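Hello,

Please find the structure below, with the sequence. My notes on it follow.

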Amino acid sequence: MPPQPTAANERLPRAPHRRLWSSALLLALMALIALEVLWRSLGYTPSITDNQALWAQQRQRVETANKDTLLLLGSSRILQAFNAQAFHETLPDQEYIQLAIGGLHPMATLQDIAENTTFSGTVLCSITAESLLPELHDQQQPWIDYYHNSFLPHSNAERRLHTALQSRLTLLLPDLLLQEALPKLLRGAPPIQYLVNAPDRTQIVDYNKVDLQEFTRIQLKKVGVNVSHYINLPDYHNFPRELDQIETAVQTIHQRGGRVVFLRMPTTGPYFEATDKYFPRTRFWDIFAAQT
């Protein structure tokens, strides 16, 4: 009977697989360390990637917050303007919870705090005149729905793991992933890190790192697009309408010993001019202030 052919893997010499894997892992680790050292040498620092799970962790803190807690609601203005260090230096015995969400108006979150918690601290709610339009009241609702329906224990644990890694490694910054950063580096235009997110969602922003003229042009273009949309909403022309819903949320919090403070963050120059023409104080803010 002729000898049977041997399988290909039997003809190959047995390699020291453990040594190969160990060497590969060591090389990969050295490459990651080198990359981390490179990014840090270029001035980058670790930053937390904000998402619904990170927001939900802070929303969860509201459930057990005491009356000395400051709850921050709003959009990017209060998200970037709030200074955690100054707060702790001024009010060392108080806590804060940052629930502002960039680009989204906060009325849904205010209503959620009123209806679904027993929070009795101070709510500092940063709004603009546009925030008063009923069509924009539910902009933060997807984040609220995520917290109530999808933020499970494993989601919390996974988010904590991500936060632990992101707070220590710059190479996890989305803009520094090789497929994102390499083309920019080859063009001699490395990614600019002007914003750092903390685990509690507070932000440290340095606009000195950007081309302020170009940045302003882009932001004003976005403002113009938004305003063009807002002034075509039915309730822009029907204002005021449904302000009683806001007042109901305010009174609910006040009746259990809390406070709600509405704040319009200051703007100047072209930013102010871009919105004041269509949202003058006398037609929007003053009417709202008289009713709440």
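**Helix 8, core and pocket**

On one side of helix 8, Pro153, His154, Arg160 and Leu161 are exposed (over 50% relative accessible area, 1.4 Å probe, protein chains only; buried is under 20%, partly exposed in between). This is a predicted model, in which local features need pLDDT of at least 70 and side-chain atom pairs pLDDT 80 or more, while totals for chains, interfaces and linings use all residues. Residues are numbered from 1 along each chain as its sequence is written, and side-chain values use heavy atoms, without hydrogens and water.

The buried residues of helix 8 are Ser155, Asn156, Arg159, Thr163 and Gln166. They lie on the same side of helix 8, because they cover an arc of only 95° around the axis, taken from the directions from the helix axis to the C-beta atoms. Helices are DSSP runs of H or I with at least four residues, and strands are runs of E with at least two, numbered from the N terminus. Helix 3 (52-62) and helix 7 (141-149) are included in what covers these buried residues.

The largest nonpolar core (buried Ala, Val, Leu, Ile, Met, Phe, Trp, Tyr and Cys joined through side-chain atoms within 4.5 Å) has 44 residues, of which Leu71, Leu110, Val123, Leu133, Ile246 and Phe262 touch the most other members. Apart from it lies another core of 11 residues, including Phe87 and Tyr96.

Helix 10 gives nine residues to the lining of the largest pocket, the most of any element.

Regards

Definitions and conventions:
Contact = heavy atoms within 4.5 Å.
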